[in-house]
Amino acid sequence: MYDLIGDLHGHAEPLRALLARLGYRCSRGVWRHPERRVIFVGDFIDRGPHQVETIAIARAMIDSGSALAVMGNHEFNAVAWTLPHPGRSGEWLRPHNARNRGHHQAFLDQVGEDSPRHREMVAWFRSLPLYLDLPGLRVVHACWHPGAVARLAPHLDAHGRVRGDAWTRVAASGTDAYAAAELLLKGIEVTLPSGLSFVDGEGSVRKRVRMRWWQRDGGSWRDLLMVPRSLREQLPEQAAPHRALPGYDAVKPVFLGHYWLSGEPAPLTPHIACLDYSVAARGARAAGKLCAYRWSGEQVLCPTRFHWVPAR
């Protein structure tokens, strides 16, 4: 059985506290449980104070067989940051502009940009699968999208990892493979109606926003878009087109991260759970927590199976 743990973002102390609360014990540098394994839902890096240490804890568990993991959008971006663009001399698959560097600078500072440690960690990121489809459950960082899974199949190996020779297609903006990877790792995003924008928690002005893709029955744009409460009243109440939502077949429960939720952890639907409860939140959203779900084979998810520790 599995304990699924949400986005870590370089927060090693909450990770140790949560593992201990779940009954894992550290022996010879590896956290283990006598009967269970962890699955990390991605986003190990960026923002937090102990990114190298966080990765070391997770890697030791994975290497010893006491954990599995999927890639988050931050690991994907970290790989693309290091890859030259095949069609643009002097450029990179992840552009080295001020905005992207600002998002990634804490990681670069902690590992030493272009150091042996940096290159070794990026090589490990490349070993992470984009999703897991296991007996009884599925795990993906942001959105289980069957169409995107099918479109990526030619570019992945048998374990769901991007093949070495496919990175220049999967991480190149504008390709179909890149669009499919974005769906799995970032979810569905749409552009706000003309004239609307908001400032996110990092001070960036945003005109594209995330969608609650898991709402199977649809709803209005006001219901579906993840925007601050102050902006929601300005959104149109007209129904969003049905094709905007991929739906979910509910054959197995699926576990996600990515969405910076707050409040009391609970399933999004009877078959979908997000485990990202803003461990890296700052300022007004500083009541973040590191969250896990203790899965024991159930098809319908249960609120009492969530466990968490405060971010600080």
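Contact here means heavy atoms within 4.5 Å of each other. The structure is a predicted model, in which local features need pLDDT of at least 70 and side-chain atom pairs count only at pLDDT 80 or more, while totals for chains, interfaces and linings use all residues. Residues are numbered from 1 along each chain as its sequence is written, and side-chain values use heavy atoms, with hydrogens and water left out.

A good place to start is I5. Beyond its neighbours within four places in sequence, I5 is in contact with residues including L15, V38, F40, L275 and C291. I5 also belongs to the largest nonpolar core (buried Ala, Val, Leu, Ile, Met, Phe, Trp, Tyr and Cys residues joined through side-chain atoms within 4.5 Å; buried means under 20% relative accessible area, exposed over 50%, partly exposed in between, with a 1.4 Å probe and protein chains only). This core has 108 residues, and I5, F40, F44, F125 and Y259 have the most contacts inside it. Helix 8 (residues 176-186) gives the core its largest share, seven residues.

F125 leads on to helix 5 (residues 116-126), where H118, M121, V122 and W124 are buried as well. Helices are DSSP runs of H or I, at least four residues, numbered from the N terminus. Because the buried residues of helix 5 fall within an arc of 155° when seen down its axis, they line one face; the arc is taken from the directions from the helix axis to the C-beta atoms. These residues pack against helix 2 (51-64), helix 3 (73-81) and helix 4 (98-111).

Turning to the cysteines, a disulfide is a pair of cysteine sulfur atoms within 2.5 Å, and the count is zero. The sulfur of C274 lies 8.3 Å from its closest cysteine sulfur, in C291, too far for a bond.

Conventions: Helices (H or I, at least four residues) and strands (E, at least two) are DSSP runs, numbered from the N terminus.
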